[in-house]
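Ready for a few warm-up exercises? Take a look at the model below, then work through the tasks with the solutions alongside.

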Amino acid sequence: MKTISLPFGKKSVRIKLPDKLNYIVLKSRPIKPIKDISTALNRALDKPIGTRPFNKLFNRNDRVALVFPDKTRRCGADKILKVVVSRLLKLSIPYRQMTVILARGIHPAHTDAEIRRLVGDMVYRNIKVVDHDARNPRDLVNIGTTSH
């Protein structure tokens, strides 16, 4: 048996693999951290790949849903929302036409304090935040079955 160690969260998991198993452990190339998330995000929204710039995608009557992962997946939602919401407001889309959805899957519900920490004070105070529950059939809609 071969034992390999795989990163998992802040720790690692050791697993045993049969000697006859042929495998490769893939490693990503190191990347430099983004120093200024606001500048980088604005640049990406102004010149996206494969679609029109952010400011050309919306009009003032649009309702906008912004989906983010729950507390188990750190993504900087508060920093991203600050930029995106600011840009939507400049396009005359008011807070009342925005909804933030926390896609928690089957993870436990967030407390109000956790939601505030995830989305930031400005969003928490002004925008409807939905703590989506994938186990609640009232919140789900069947849109069909794929061929897969």
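**Exercise 1: a patch on the surface**

Leu6, Phe8, Val13, Ile15 and Val25 make up a nonpolar patch on the surface, together offering about 400 Å² of accessible area. Patch members have over 30% relative accessible area and no salt bridge, with like charges joined within 9 Å and nonpolar side chains (Val, Leu, Ile, Met, Phe, Trp, Tyr) within 5 Å; areas come from the Shrake-Rupley method with a 1.4 Å probe, and for residues only the protein chains shown count as cover.

Before you start: this is a predicted model, where local features need pLDDT of at least 70, side-chain atom pairs count only at pLDDT 80 or more, and totals for chains, interfaces and linings use all residues. Residues are numbered from 1 along each chain as its sequence is written, and side-chain values use heavy atoms, leaving out hydrogens and water.

Task: find which elements give two or more residues to the nonpolar patch.

Step 1. Those elements are β1 (2-8) and β2 (11-17). Strands (E, at least two residues) and helices (H or I, at least four) are DSSP runs, numbered from the N terminus.

Step 2. Pick Val13, which is found in strand β2. Val13 is partly exposed, at a relative accessible area of 35%; buried means under 20%, exposed over 50%, and partly exposed in between (1.4 Å probe, protein chains only).

**Exercise 2: the open sheet**

Task: work out the strand order and say which strands stand at the edges.

Step 1. The open sheet has 3 strands in the order β3-β4-β5, with parallel pairing. Two strands pair if DSSP finds at least two bridges between them.

Step 2. β3 (64-69) and β5 (128-132) each have a single partner strand, so one side of each lacks a neighbour in the sheet.

Step 3. Now zoom in on β3 and β4 (residues 98-103): 6 bridges join them, and Val64 sits opposite Met98 in β4.

**Exercise 3: one residue in β4**

Task: decide whether Leu102 is buried or exposed.

Step 1. Leu102 is found in strand β4.

Step 2. Its relative accessibility is 1%, so Leu102 counts as buried.

Step 3. Phe68 lies 34 residues away along the chain, yet the two C-alpha atoms are separated by 5.1 Å.

**Exercise 4: a salt bridge**

Task: find the partner of Lys71 in a salt bridge.

Step 1. A salt bridge puts a side-chain nitrogen of Lys or Arg within 4 Å of a carboxyl oxygen of Asp or Glu. The partner is Glu114, with the closest N and O atoms 2.9 Å apart.

Step 2. Lys71 is in the loop between β3 and α2 and Glu114 in helix α3, 43 residues apart.
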